[in-house]
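Reader: I would like to learn how to read a model of a protein chain, feature by feature. Could you take me through one, giving the general idea before the particular case?

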Amino acid sequence: MIHSLFLINSSGDIFLEKHWKSVVSRSVCDYFFEAQERATEAENVPPVIPTPHHYLLSVYRHKIFFVAVIQTEVPPLFVIEFLHRVVDTFQYYYSGISVLMQHTGPFAQ
């Protein structure tokens with residue numbers, strides 16, 4: 001299913017990548033960057049980008065692109081829904097940490 005996941009910020013920097021089945025070169029994201037340049041706004045980047053050997057499926061939330069790389073055809077809505085769930089999990093986790101830090105903080109007495 002998903003071979004790699006790349007997190008790309010709004011300035012185009014890949015700041016996190018995770019590989020499961022095999023390591024996919026960062027150069028596969030060049031196809032995503034080309035689509036991003038053609039889009040008038042970040043929200044207008046196509047969610048499915050076919051490349052010669054992969055498919056790139058992406059979602060854009062909180063000014064971050066979550067780009068999944070797959071090598072075989074799978075239902076794209078399944079992968080896109082999964083990416084949204086990943087974002088929801090990150091949001092839930094980090095909002096809990098920020099609340100905890102507000103109440104305890106590293107220097108709480």
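Author: What follows goes from the overall layout to the strands, a helix, the aromatic rings and a loop, and it should be kept in mind throughout that this is a predicted model.

Reader: Where should I begin, and in what order do the elements of the chain run from the N terminus on?

Author: A first reading lists the elements and their order before any detail is considered. Here the chain has two helices and five strands, and from the N terminus on they follow the order β-β-α-β-β-β-α. Of its 109 residues, 35% count as buried, while the accessible surface comes to about 7,300 Å², with 59% of that belonging to carbon and sulfur atoms. As for contacts between residues at least 6 apart in sequence, 40% of them join residues at least 24 apart.

Reader: Turning to the strands, with which strands does β1 pair, and in what sense?

Author: To read a strand, one asks what it pairs with, in which sense, and over how many bridges. In this chain β1 pairs with β5 in the antiparallel sense over seven bridges, and S4 stands opposite V69 of β5. β1 also pairs with β2, again in the antiparallel sense, over five bridges, and there the bridge partner of L5 is K18 in β2. The hairpin of β1 and β2 has four residues between the strands, and in this hairpin G12 takes a positive phi near 90°.

Reader: How many of the eight residues of β1 are buried?

Author: Seven of the eight are buried, so β1 is largely enclosed by the rest of the structure.

Reader: How should I read the burial pattern of a helix, and which residues of α1 are buried?

Author: The general idea is one of periodicity: an α-helix has 3.6 residues a turn, so residues three or four places apart point the same way. In α1, which spans residues 29-38, the buried residues are C29, F32, F33, A35 and Q36. Seen down the axis of α1, these buried residues fall within an arc of 160°, so they line one face of the helix. On the other side of α1, E37 and R38 are exposed. The cover over the buried residues of α1 includes the strands β1 (2-9), β2 (14-19), β3 (48-50), β4 (55-61) and β5 (64-70).

Reader: How many aromatic pairs does a search of the whole structure find, and how is the geometry of one of them read?

Author: An aromatic pair is read from the distance between ring centres together with the angle between ring planes. The search of the whole structure finds six such pairs. In one of them, the rings of F32 and F65 have their centres 4.9 Å apart and their planes at 75°, so the pair is edge-to-face, planes over 60 degrees apart being counted as such. F32 lies in helix α1 and F65 in strand β5, so the pair ties together parts that are 33 residues apart in sequence. Both F32 and F65 are buried, and ring pairs link F32, F33, Y60 and F65 into a cluster.

Reader: Finally, what is phi of H62 and of K63, and are these residues buried or exposed?

Author: For backbone angles, one notes the sign of phi and then the kind of residue and its place. Phi of H62 is near 55°, a positive value in a residue other than glycine, and phi of K63, likewise a residue other than glycine, is positive and near 65°. H62 has its place in the loop between β4 and β5, and K63 lies in the loop between β4 and β5 as well. H62 is exposed, with a relative accessible area of 51%, and K63 is exposed with a value of 60%.

Notes. Residues numbered from 1 in each chain as written. Predicted model: local features only at pLDDT ≥ 70, side-chain atom pairs only at ≥ 80, totals over all residues. Heavy atoms only, no water. Buried < 20%, exposed > 50% of the residue type's maximum accessible area, 1.4 Å probe, protein only. Arc of directions from axis to C-beta. Contact = heavy atoms within 4.5 Å. Areas by Shrake-Rupley, 256 points an atom, 1.4 Å probe, with all protein chains shown as cover. Pairing = 2+ DSSP bridges. Phe/Tyr/Trp six-rings, centres within 6.5 Å; stacked < 30°, edge-to-face > 60°.
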